[in-house]
Amino acid sequence: MTDNDFTGEKVIPFATSASSPLGSSGSDLADMAGAGDWQDGQRFSSSVSADEVTSWVEGLGL
């Protein structure tokens with residue numbers, strides 16, 4: 001993480017999990033990266049469909 005330069009990049013973390021929340025993972029990664037426009041992330045259930053993820057990504061307005 002510290003070897004990557006996220007300067008000028010918008011970063012939106014996401015993960016799948018059967019039970020664990022995203023928690024502070026996004027802010028922890030942002031702190032380690034030291035640069036970038038880190039946005040709130042999204043945790044999906046382990047059974048998420050590709051359509052659900054696609055819909056989420058499309059809704060980000062990137």
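This briefing describes the fold, the confidence, the aromatic pairs and selected residues of one protein chain.

The structure is a predicted model, and its protein chain has a mean pLDDT of 90, with 97% of the residues reaching 70 or more. The chain contains 2 helices and 4 strands, which follow one another along the sequence in the pattern β-β-α-β-β-α. Of its 62 residues, 19% count as buried.

**Overall dimensions and confidence**

- Taken along the principal axes, the C-alpha atoms of the protein chain fill a box of roughly 30 × 25 × 15 Å.
- The accessible surface of the protein chain amounts to about 4,400 Å², and carbon and sulfur atoms account for 46% of that area.
- When contacts between residues at least 6 apart in sequence are considered, 77% of them join residues that are at least 24 apart.
- Confidence in the protein chain is highest in α2, at a mean of 96, and lowest in β2, where the mean is 89.
- Where pLDDT is low, the predicted coordinates should not be read in detail.

**Aromatic pairs**

- The whole structure holds 3 aromatic pairs, one of which is formed by Phe6 and Trp38 in an edge-to-face arrangement, with 5.6 Å from centre to centre and 65° between the planes.
- This pair links distant parts of the chain, since Phe6 belongs to the segment before β1 whereas Trp38 belongs to strand β3 (residues 37-38), 32 residues apart; Phe6 and Trp38 are both buried.
- Phe44 and Trp56 also form an edge-to-face pair, for which the centres are 5.3 Å apart and the planes stand at 80° to each other.
- In this second pair, Phe44 lies in strand β4 (residues 42-45) and Trp56 in helix α2 (residues 50-59), so that distant parts of the chain, 12 residues apart, are linked; both residues are buried.
- Phe44 and Trp56 join Phe14 in one aromatic cluster.

**Ile12 and its surroundings**

- Ile12 is placed in the loop between β1 (10-11) and β2 (14-17), and it counts as buried because its relative accessibility is 18%, which falls under the 20% cut-off.
- Apart from its neighbours within four places in sequence, Ile12 is in contact with Gln39, Asp40, Gly41, Trp56, Leu60 and Leu62.
- One of these partners, Gly41, is 29 residues away from Ile12 along the chain, yet the C-alpha atoms of the two are separated by 5.3 Å.
- Another partner of Ile12 is Trp56, a residue that also belongs to the aromatic cluster with Phe14 and Phe44.

**Helix α1 and the residue after it**

- Within α1, the buried residues are Gly26, Ala30 and Ala33, and because they fall within an arc of 65° when seen down the helix axis, they line one face of the helix.
- The cover over these buried residues of α1 includes β3, the strand that also holds Trp38 of the pair with Phe6.
- Ser25 lies in helix α1 (residues 25-33), and with a relative accessible area of 34% it is partly exposed, because this value lies between the cut-offs of 20% and 50%.
- Ser25 and Gly36 are 11 residues apart in sequence, and their C-alpha atoms are 15 Å apart in space.
- Gly34 follows α1 and has a positive phi, near 75°.

Terms used
Residues numbered from 1 in each chain as written. Predicted model: local features only at pLDDT ≥ 70, side-chain atom pairs only at ≥ 80, totals over all residues. Heavy atoms only, no water. Buried < 20%, exposed > 50% of the residue type's maximum accessible area, 1.4 Å probe, protein only. Contact = heavy atoms within 4.5 Å. Areas by Shrake-Rupley, 256 points an atom, 1.4 Å probe, with all protein chains shown as cover. Phe/Tyr/Trp six-rings, centres within 6.5 Å; stacked < 30°, edge-to-face > 60°. pLDDT = per-residue confidence, 0-100. Arc of directions from axis to C-beta.
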